[in-house]
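Please look through the sequence and the structure shown here before reading on. The report then goes through single residues, strands, helices and pockets in turn.

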Amino acid sequence: MSDLLSRDLSLLPDLLEQARASALEFLTALPERPACIRPAPPEPLGLPEAGLGAGDALALFRRRYEAGLSGSAGPRYLGFVTGGTTPAALVGDWLVSAYDQNVSNDGDSLATSVEREALGLLRSLFGLPESFEGAFVSGATAANLVSLATARQWVMERLGHDVSEEGLWGLPRPVVLGGAPHASVLKALSILGMGRRAVEGVPCLPDRPVMDPQALESRLAALGGAPAIVLASAGEVNTGDFDDLEALGQLCRRHGAWLHVDGAFGIFAACSPAHAQLLRGLAHADSIAADGHKWLNVPYDSGIVFTRHLALQERVFRAVAAYLGQGPDLLHRTPENSRRFRALPAWMTLMAYGRDGHRALVERSCALARDLGEGLAASPHYAVLAPVKLNIVCFALRSGDAARRDRLLQALQADGRVHFTPTQYAGRPGLRAAFSNWRTDAADLPLILAALEAAASATSAG
């Protein structure tokens, strides 16, 4: 191995050039690459006794796998809520691997200072007060996990228990209230030992997947001051709708409840003056989860967690060992001790494009969503299931069951021009389109609508 490593080190300039050429070839062809590809995987290879070396390993990967990679970073991948990677973020991410910094302890690298500064930039972008602190994590799921672990600590301390030291054994289940929480929130509750079934459903407003504040007030009042965790959404996954954070925040303050806001993509509405009012009351939150690899358009993986209760968060995630030191280090804020330098791509893209660039990205995405909604409403084949409030379009075929919807998705996959993810909304099998990629522009809309019309026609008879 040492001989191969020495040889590859001597060839590193050429190897990096090969990687650069491979990446540019992929990125240049991205607008034409099928948005979704599901080929049969090749037979697995065995571990070679003698290594191939980096150059041959790269060539082998490209032959076996590159053609099967989807255009998920491209302009017409509208499934889930998927951003691309801005040029500045890509440059930053390449350097992350080269620098290979472990962003855990202060004092031996300025990488931790970059993370703290990037958090400050995001705090400014979102309009949060200085009292909010946080960290970069792997995504919104991890951000929800960290937030709810901190909320659990708060609840149990209110009841006289220190969960971080003593555990949950024999303790009452925390009261958790939510209207339409995301699956990642339920996953976090499962991991934390509270359970998915811990969520007590609060009635939603008519025809909207958001909590009825009056129903929440009644439930909180019935608790008589006992602690509770309230789960709010800033950007519901099917419709982009928002809970009334101002009303919910006031109720939580009045009744002594913890307000957690899942703002994975919706928090970026703060970038746009036309949509920022959707986040009115965000500063009432006790914890906030956000996702960088969605609307910030930085590479996977990148999540952000903010809290007004950093001391509680650090009680949960504190790592105690003599060799780790006792400083106010970032490793005490997240499940990870060793952490990738995730903040650099975010810092790069925030600095490169500034407040104006991110406002333009958000407003263009929202305009494209509105335009798609109008195009679908005018189609004989489709119906829009919910008002387009932000960057999500929820729609369905005007006729047909889930089987026809699935055939439609298969036809769209075979077509390759656009990709959507399925959903179920208002009792109907539907589809969702999420606009969050910086590459997507008005020229993509006719292609998207044409692909939808062709697929609907192809599946109408069967």
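Is Thr82 buried or exposed, and what is its relative accessible area? Thr82 is buried, because its relative accessible area is 6%, where buried means under 20% relative accessible area, exposed means over 50%, and partly exposed covers what lies in between, computed with a 1.4 Å probe on protein chains only.

This is a predicted model, in which local features need pLDDT of at least 70 and side-chain atom pairs count only at pLDDT 80 or more, while totals for chains, interfaces and linings use all residues. Residues are numbered from 1 along each chain as its sequence is written, and side-chain values use heavy atoms, with hydrogens and water left out.

**Around Thr82**

Thr82 sits in the loop between α3 and α4; helices (H or I, at least four residues) and strands (E, at least two) are DSSP runs, numbered from the N terminus. Leaving aside residues up to four places away in sequence, Thr82 touches Ser72, Tyr77, His293, Tyr300, Ser436 and Asn437, where contact means heavy atoms within 4.5 Å. A polar atom of the Thr82 side chain also lies 3.2 Å from the backbone oxygen of Gly79.

The loop between α3 and α4 also holds Phe80, which counts as exposed at 52% relative accessibility. Phe80 has a positive phi of about 50 degrees although it is not a glycine.

**Two residues of helix α6**

Helix α6 (residues 140–158) contains Gln153, and Ala142 lies in α6 too. Gln153 counts as buried at 1% relative accessibility, and its contacts, not counting residues up to four places away in sequence, include Asp162, Leu312 and Arg315. Ala142 is buried with a relative accessible area of 15%, and its C-alpha atom is separated by 8.5 Å from that of Pro335, although the two residues are 193 residues apart along the chain.

**An enclosed strand and its surroundings**

Why is strand β5 (residues 258–262) described as largely enclosed by the rest of the structure? The description follows because 5 of the 5 residues of β5 are buried. Both faces of β5 are covered, with Trp258, His260 and Asp262 buried on one side and Leu259 and Val261 buried on the other. Strand β4 (residues 228–233) pairs with β5 in the parallel sense over 5 bridges, two strands being counted as paired if DSSP finds at least two bridges between them. Within this arrangement, Ser233 stands opposite Asp262 in β5.

Helix α10 (residues 245–255) has several buried residues, among them Leu245, Leu248, Leu251 and His255. The buried residues of α10 pack against α9 (213–223), β4 and β5, and just after α10, Gly256 takes a positive phi of about 70 degrees.

**A strand with two unlike faces**

In a regular strand the side chains alternate between the two faces of the sheet. Strand β10 (residues 421–425) shows such alternation, since Thr421, Thr423 and Tyr425 point to one face and are buried, while Pro422 and Gln424 point to the other and are not. β10 pairs with strand β11 (residues 428–434) in the antiparallel sense over 5 bridges, and Pro422 stands opposite Leu431 in β11. The two strands form a hairpin with 2 residues between them, and Ala426 in the turn has a positive phi of about 55 degrees.

**The two pockets**

A pocket is an open set of points on a 1 Å grid over the protein atoms alone, where a 1.4 Å probe fits, with protein on both sides within 12 Å along at least five of seven lines, and lining residues have an atom within 4 Å of a point. A volume is the space filled by probe spheres set on the points.

| Pocket | Volume | Lining |
|---|---|---|
| Largest | about 780 Å³ | 28 residues |
| Second largest | about 370 Å³ | 20 residues |

Ala23, Phe26, Leu27, Leu90 and Trp94 lie nearest the centre of the largest pocket. The elements that give two or more residues to its lining are α2 (12–28), α3 (54–65) and α4 (87–99), and the largest share, 5 residues, comes from α2. In the second largest pocket, Val81, His182, Ser184, Val237 and Lys294 lie nearest the centre.

Notes:
A polar contact is a pair of N or O atoms within 3.5 Å; within protein, one must be able to donate a hydrogen and the other to accept it, and residues adjacent in sequence count only if both atoms are side-chain atoms.
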